Amino acid sequence: MTVPPRLVVGITGASGACYGVRLLERCRALEVQTHLVVTPAGVLNVHHECGIDRSGLEALASFAYAPGDIAACIASGSFETAAMVVAPCSMKTLAAVAHGFGDNLLTRAADVTLKERRRLVLMVRETPLNLAHLRNMMAVTEMGGIVFPPLPAFYHRPSTIEALVDESVERVLALAGIGAAQPRPWQGL
C-alpha cells in the first residue's frame, strides 16, 4: 500500500487566490494528501476572487486547520511532509517567515518546513517590490526556501487565464517534489 505524499498548503490574503484553489484541485487529482491553513484575509480573498466560502475551500483539502491551532500536526517537525506551498503568499507572511515569526499556524508550519530542510515554496504576490520585500525574499532564499512569484509564462501559448494559472501550479508542484506534476513543454514561438 503506497502512502500518498503530504503537502502543506497555505493561503494568505494576497491577490491570486486562484493559485491556491487550483493547487488544491490539482493535488486532489494527483492523490496528494493536502493539509490546508488559510489566514482570515485569505478566506476573504478566496471569496472575493473565486466566489468560494471557507467551507467550500476546506472541502478541497484532505485536512484543514484554523490559523490559531498551533498544536496542529503540521506545526511539528515529526509530522513528515513532502513540502509546503504558500499560494498566494502576502508580503506580511513573507516577512514573518523571513524573520522566524511563527505567530500563527501558517508561519509556524513554514518555519518547521525550513528547520526540517524540506521544500518551502512561496508564491509571493506584490508589485512593485520595495527594498524590504527584496531583502525578505533574499533571507528566505538563504534559509533554503524557494521564492516563486507567479509570473505568467507565454511560451506555451496560453489562450485562457486558467492555462496561465495551470502552468504556474504545475511548476510549483514540480518544485515541491510532487512527481506526477506535468510541466508544460516549451513549444516555441
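Biologist: Leaving aside neighbours within four places in sequence, what is Thr 93 in contact with?
Modeller: Thr 93 touches Thr 12, Leu 106 and Thr 107, where contact means heavy atoms within 4.5 Å. Keep in mind that this is a predicted model: local features need pLDDT of at least 70, side-chain atom pairs count only at pLDDT 80 or more, and totals for chains, interfaces and linings use all residues. Numbering runs from 1 along each chain as its sequence is written, and side-chain values use heavy atoms, leaving out hydrogens and water.

Biologist: Where does Thr 93 sit? And is Thr 93 buried or exposed?
Modeller: You'll find Thr 93 in helix 4. Helices (H or I, at least four residues) and strands (E, at least two) are DSSP runs, numbered from the N terminus. Thr 93 counts as buried because its relative accessibility is 8%. The cut-offs are under 20% relative accessible area for buried, over 50% for exposed and partly exposed in between, with a 1.4 Å probe and protein chains only.

Biologist: OK, pockets. How much space lies in the largest one?
Modeller: About 210 Å³. That volume is the space filled by probe spheres set on grid points, which are joined across faces, edges and corners. Of the 14 lining residues, Thr 39, Ser 90, Lys 92, Thr 93 and Asn 104 are the closest to the centre. A pocket here is an open set of points on a 1 Å grid over the protein atoms alone, where a 1.4 Å probe fits, with protein on both sides within 12 Å along at least five of seven lines; lining residues have an atom within 4 Å of a point.

Biologist: Which helix gives the largest share of that lining?
Modeller: Helix 4, with 3 residues. Helix 2 (40–50) and helix 5 (105–115) also supply at least two each.

Biologist: Switching topic: what does Val 169 touch, not counting residues up to four places away?
Modeller: Tyr 19, Arg 22, Leu 23 and Arg 26. Val 169 itself belongs to helix 7 (residues 161–175), and Val 169 is buried because its relative accessible area is 1%.

Biologist: And helix 1, how many residues has it got?
Modeller: Helix 1 (residues 17–29) has 13. From first C-alpha to last, helix 1 reaches 19 Å, close to the expected 18 Å; the expected span is 1.5 Å times one less than the number of residues. Its buried residues include Tyr 19, Leu 23 and Arg 26.

Biologist: What comes just after helix 1?
Modeller: Glu 31, with a positive phi of about 60°.
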